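Got the viewer open? Here's a short tour: select each stop as we reach it, and look around before moving on.

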Amino acid sequence: MNHQSVAFKNTQFPFPPHLHHSTPIPSRLLFAFSLHPNKTITKSPYSAFSCRGFHTPLLNHPSSSFHSSNATKPAAVKTVDVATLGNLCVDIVLNVPKLPPPSPDSRKAFMEQLSSSPPDKQYWEAGGNCNMAIAAARLGLKCVAIGHVGNEIYGKFLEDVLQAEGIGMVGMSEETDVLNAPSSSYETLLCWVLVDPLQKHGFCSRADFSKEPAFSWMNTLSEEVKRAIKRSRILFCNGYDFDELSPHMIISAVEYTVEVGTSVFFDPGPRGKSLLSGTVEEQKALEHFLRMSDVLLLTSDEAESLTGLVDPILAAQELLRKGNRTKWVVVKMGPKGSILITNSGITCASAFKVKIMDTVGCGDSFVAAIAYGFIHNIPLVTTLAFANAVGAATAMGCGAGRNVATLKQVVELMETPDLNEDDKFWNELLREHLDSQEVTFLSKMVLNGSNGRMKHVTLQKVVSQLLPKLKSSQLEGTLSS
């Protein structure tokens, strides 16, 4: 894998001068070739496990009374809703007197110095796919995180966080000992978020200094990992999996997932663009993801990067056309809202109008709600509105990890909802598509004189469907029928 080492940019973030250690800080935003998703760090109330090897067994409870009509030939009893693949890391934010020099050697030496003396846990937060797993678990979905963490304090920290959130963990490892792999290859991935006195930021991870995936020693899916995939309704993957796993491993995981009737969710993220120009093996694995995924989730910029089409609807339709199994393409458009494209129609929903504090973790929260709607076969416009609401609830707080929205916060938002409608934007986006496909649009109210192919669904109707379930779930502690 051709990772590119990048220098620190002394970009001034618009944070107030009273910024201190426990203030959430958007990370991985400064590098042109960033290798990791955006995260934040907040003070941790949790302590690490005292023992190694937390592997929560997959529960043998009955499947949910909802059964997805979207699932492909269920080959096994599905007792887990969502499994995430790889990308388990710890984000650490530190104030430093000055940022290290831009040269790779200087940054690597600085990172190794930091690693030699672990900072206090108040500066740690769960990162990577932990964000999506935590958000999904808080919506009541049964989740398992599949990935590798090391036998050190950071790995135990992640295990502790996942257990506290009710998320099982299945470790990825080789069935036999791997020879000639340095011990550092087995350590938990860390991302160091460095802040100087002027609030200039820099980021570094050992993935920045290697041409190979962090866990390149991993060559096969263990039987335990296969069982976890087989018993899950959804396997969620993102583009940052390529920083840890070889393209061969990724293709193997996707092929096995399809074989056992588990749906594939894929969010390429910013890595999608770099993978298009990556190694032949990386390009092949990316293409395999795009063809074999049941649901693709990406931003409008990412959709354009993968297709060359500026119009997000045309880009989504192109991804659908090329996909062998693709049922939904979901395009996130930030404060404008989101769209969900299928072979039979276009669904649109404006974003919720909220006071935004921090957008980090919003995308992961959004994906968790899409997974809920997919599993429970909820109407598409309701699923999209729900996802926008969960993402907005996270934006009202600070940070990802254990700071993503809770069910209580989502309920509070849904009780007094408002949409950030932009009629000009939506009219321009949809004008060329009204004659070709049916469009379903979430509106504050029913509009008179609408185009015959434009179906308006009121926000009030969507909220009336969701709110009773959400309130009931608060009492029960889980989303159920």
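Start by selecting L407, K408, V410, V411, M414 and E415 in helix α12, then add V463, L466, L467, L470, K471, S473 and Q474 in helix α14: these two groups meet each other. Keep in mind as you look that this is a predicted model. Sorted by class, the α12–α14 contact has eight nonpolar, two polar and three charged residues.

Now show both helices in full, residues 407-415 for α12 and 459-476 for α14. Their axes are 10 Å apart, and they pack at an angle of about 145°. The crossing of α12 past α14 is left-handed.

Next stop, the sheet. Colour its 11 strands in the order β5-β4-β1-β8-β9-β10-β11-β12-β13-β14-β15; the sheet is open and its pairing is mixed. Which strands sit at the edges? Select 168-171 for β5 and 454-458 for β15: each of them pairs on one side only. On average, neighbouring strands here are turned by 20° against each other, ignoring direction.

Stay in the sheet and pick out β10 (residues 295-299) and β11 (residues 328-332), which pair in the parallel sense over five bridges. Click T299 and you'll find K332 of β11 standing opposite.

Last, jump to helix α9, residues 312-322, and select E318. Is E318 buried or exposed? Buried, because its relative accessible area is 18%, under the 20% cut-off. Setting aside neighbours within four places in sequence, E318 is in contact with T307 and L309. To finish, try a distance between C-alpha atoms: E318 and G308 are 10 residues apart along the chain and separated by 10.0 Å.

Note on methods
Residues are numbered from 1 along each chain as its sequence is written. This is a predicted model: local features need pLDDT of at least 70, side-chain atom pairs count only at pLDDT 80 or more; totals for chains, interfaces and linings use all residues. Side-chain values use heavy atoms; hydrogens and water are left out. Two strands pair if DSSP finds at least two bridges between them. Helices (H or I, at least four residues) and strands (E, at least two) are DSSP runs, numbered from the N terminus. Axes are lines fitted to C-alpha atoms, for helices over the stretch in contact, and angles run from 0 to 180 degrees between N-to-C directions. A crossing is left-handed if the near helix is turned anticlockwise from the far one by less than a right angle, and right-handed if clockwise. Contact means heavy atoms within 4.5 Å. Ala, Val, Leu, Ile, Met, Phe, Trp, Tyr, Cys and Pro count as nonpolar, Asp, Glu, Lys and Arg as charged, and the others, Gly among them, as polar. Buried means under 20% relative accessible area, exposed over 50%, partly exposed in between (1.4 Å probe, protein chains only).
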